[in-house]
Amino acid sequence: MLLKSWLSGFSACANVRSCVFNIEFGVRQGSLLSPFLFSIYVDDLAKSCSSFIGSFIALYADDILLLAPTVSQLQKLLTDCERVLDQLDMAINSKTSCCLRIGQRHNNPCAPLCTLAGDLTSWVEELRYLGVIILRSRVFKCSLHHAKKLCYRSANAIFGEIWRIIASTSWTKV
């Protein structure tokens, strides 16, 4: 009853000028309990998709990473995951989904994977998963360029603020 009370009666609005709407399902974003409840909800997905030999599925919040040794096995894994998600009244967003190839044949062109809805997923040079940019290459590689850029931007903002405070302070020699 406590969980039911805590998870019901949501309402939200997109911005200050939008209308308030009721949220019929989901878990509270930012709550400590929400990732745990979501993982229980999608547990069938991890169990079902782990039956493929050499394949791996990584679930974190609403991000899913599918790994398979071949493109054809990746297509089978995607189809199987979509069927399980459909039973959970969920779907894969094909607009934000993409494929990346790592290994000896990383430069070889591949046919796009097809979702159950008939949408095609594109093959990309790099993809972002949980803030990490993974690159298409012969061996597993990550790009730290974006992370370094964000770090330098934050450091410059902090130092700029400190300098502004120091510059605006009047100094008196005693």
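This passage describes a small sheet, one position in a loop, and two helices of a predicted model.

The sheet is open and consists of three strands in the order β5-β7-β6, and its pairing is mixed. The edge positions are taken by β5 and β6, each of which has a single partner strand, so one side of each is left without a neighbour in the sheet. In general, the strands of a sheet are paired through backbone hydrogen bonds, in either a parallel or an antiparallel sense. Between β5 and β7 the sense is parallel, and the pairing runs over two bridges. Cys99 has Trp123 of β7 as its bridge partner.

Strand β7 spans residues 120–123 and includes Thr121. The relative accessible area of Thr121 is 5%, and this residue is therefore classed as buried, the cut-off being under 20%. Leaving aside residues up to four places away in sequence, Thr121 is in contact with Ser97, Cys99, Pro112, Leu113 and Thr115. Of these contacts, Cys99 belongs to β5 (98–99) and Leu113 to β6 (113–114).

The loop between β5 and β6 contains Pro109. In contrast to the buried Thr121, Pro109 is exposed, and its relative accessible area is 79%. Pro109 and Trp123 are separated by 14 residues in sequence, and their C-alpha atoms lie 8.5 Å apart in space. Trp123 is also the residue of β7 that is bridged to Cys99.

Two helical positions were examined in the same way. Helix α4 covers residues 71–87 and holds Thr79. Thr79 has a relative accessibility of 15%; because this value falls under the 20% limit, the residue counts as buried. A polar atom of the Thr79 side chain is placed 3.0 Å from the backbone oxygen of Gln75.

Helix α5 extends over residues 145–168 and includes Trp163. Trp163 has a relative accessible area of 58% and is therefore exposed, since the cut-off for that class is over 50%. Together with Ile158, Phe159, Ile162 and Ile166, Trp163 makes up a nonpolar surface patch of about 560 Å².

With respect to accessibility, the four residues considered fall into two classes. Thr79 in α4 and Thr121 in β7 are buried, whereas Pro109 in the loop between β5 and β6 and Trp163 in α5 are exposed.

Conventions:
Residues are numbered from 1 along each chain as its sequence is written. This is a predicted model: local features need pLDDT of at least 70, side-chain atom pairs count only at pLDDT 80 or more; totals for chains, interfaces and linings use all residues. Side-chain values use heavy atoms; hydrogens and water are left out. Helices (H or I, at least four residues) and strands (E, at least two) are DSSP runs, numbered from the N terminus. Buried means under 20% relative accessible area, exposed over 50%, partly exposed in between (1.4 Å probe, protein chains only). A polar contact is a pair of N or O atoms within 3.5 Å; within protein, one must be able to donate a hydrogen and the other to accept it, and residues adjacent in sequence count only if both atoms are side-chain atoms. Contact means heavy atoms within 4.5 Å. Patches are made of residues with over 30% relative accessible area and no salt bridge: like charges are joined within 9 Å, nonpolar side chains (Val, Leu, Ile, Met, Phe, Trp, Tyr) within 5 Å. Accessible areas come from the Shrake-Rupley method with a 1.4 Å probe; for residues, only the protein chains shown count as cover. A salt bridge is a side-chain nitrogen of Lys or Arg within 4 Å of a carboxyl oxygen of Asp or Glu. Two strands pair if DSSP finds at least two bridges between them.
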